[in-house]
Amino acid sequence: MMSPLVCVARIGAAHGVRGAVKLWTFTEDPFAVQDYGPLVTRDGTRQFEVAHAREAKGHLVATLKGVTTRDEAERLNGLELYVARDKLPTAGEGEYYHADLIGLAAVTTAGEALGRVIAIHNFGAGDIIEIAPARGATMLLPFSNAVVPTVDLEGGRVVIDLPQEIEAEDHSPRPREGGDP
């Protein structure tokens with residue numbers, strides 16, 4: 001059985017006239033994308049190897065083997081690059097690859113089924129776990145130790161301690177003192 005693919009980078013706009021691209025990496029060490037060998041597209045039909053990379057503001061500027069012109073680089077904009085999961089280093093204690101969490105069952109601390117993990121997002125303020133119940137809208141919850149106290153990869157589940165809802169303040173109109181307005 002082939003190891004699942006994990007997205008490790010996304011190609012951005014062309015940079016300069018010699019085929020360099022902006023490269024956004026999703027690895028702890030941005031330069032690690034050079035260590036995995038050829039990176040492939042999701043469908044596996046194309047592969048790229050990072051020949052050289054340098055740091056820029058929030059991304060890398062990279063040259064890819066075989067990409068030598070700005071036109072070639074522009075055609076790659078938005079392309080996601082993947083590596084086989086088994087090529088990635090083992091996650092540390094309390095660390096998880098998003099790909100390992102997708103598909104896990106989500107249960108409450110009381111053992112009640114909530115649904116399945118369908119995505120992990122990060123919109124800038126920390127990781128969010130998205131859970132799809134059997135029916136109804138998906139749930140977006142903070143992926144923190146308080147809300148997700150247990151990740152059991154071997155058991156195929158995450159335990160969710162659902163946060164208590166915050167009571168809304170009563171903003172109903174109130175009569176003014178001294179009678180009608």
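Here are four short exercises on this predicted model, each with a worked solution.

**Exercise 1: the core**

Find which residues have the most contacts inside the largest nonpolar core, and which strand supplies the largest share of this core.

*Solution.* Start with the size: the largest nonpolar core holds 24 residues. Inside it, L23, V33, L39, V50 and L64 have the most contacts. Next, look at where the core residues come from: β1 (5–15), β2, β5 (50–55), β6 (60–64) and β7 (80–84) each put in at least two. The largest share is five residues, and it comes from β1. As background, nonpolar side chains in soluble globular proteins tend to be buried together.

**Exercise 2: a salt bridge between loops**

Work out which parts of the chain the K65–E49 pair ties together.

*Solution.* First check the distance. The closest N and O atoms of K65 and E49 are 3.4 Å apart, and the cut-off for a salt bridge is 4 Å, so the pair qualifies. Now place both ends: K65 sits in the loop between β6 and α1 (70–74), while E49 sits in the loop between β4 (47–48) and β5. The pair therefore ties together parts that are 16 residues apart in sequence. As for exposure, E49 comes out as partly exposed, at 33% relative accessibility.

**Exercise 3: the remaining bridges you can place**

Say how many salt bridges the model has in total, then describe R70–E74 and D152–R157.

*Solution.* The count comes to four salt bridges. Take R70 and E74: their side chains meet at 3.1 Å, N to O. Both residues lie in helix α1, four residues apart, which is about one turn of the helix. Each is partly exposed, R70 with a relative accessible area of 33% and E74 with 40%. Now D152 and R157: here the N to O distance is 3.8 Å. D152 has 26% relative accessibility and is partly exposed, and R157 is partly exposed as well, at 33%.

**Exercise 4: acidic residues on the surface**

Decide whether E28 and D127 are buried, partly exposed or exposed, and say where each one lies.

*Solution.* Begin with E28, in the loop between β2 (20–25) and β3 (39–40). Its relative accessible area is 77%, and the cut-off for exposed is over 50%, so E28 is exposed. Together with D29, D35 and E95, E28 forms a negative surface patch. Then turn to D127, in strand β10 (residues 127–132). At 29% relative accessibility, D127 is partly exposed. One last distance: the C-alpha atoms of D127 and L141 are 8.7 Å apart, with their positions 14 residues apart along the chain.

Notes. Residues numbered from 1 in each chain as written. Predicted model: local features only at pLDDT ≥ 70, side-chain atom pairs only at ≥ 80, totals over all residues. Heavy atoms only, no water. Patch = residues over 30% accessible without salt bridge, like charges linked within 9 Å, V, L, I, M, F, W, Y side chains within 5 Å. Areas by Shrake-Rupley, 256 points an atom, 1.4 Å probe, with all protein chains shown as cover. Lys, Arg positive; Asp, Glu negative; His and termini not counted. Charge placed at Lys NZ, Arg CZ, Asp CG, Glu CD. Buried < 20%, exposed > 50% of the residue type's maximum accessible area, 1.4 Å probe, protein only. Core = buried A, V, L, I, M, F, W, Y, C linked by side-chain atoms within 4.5 Å.
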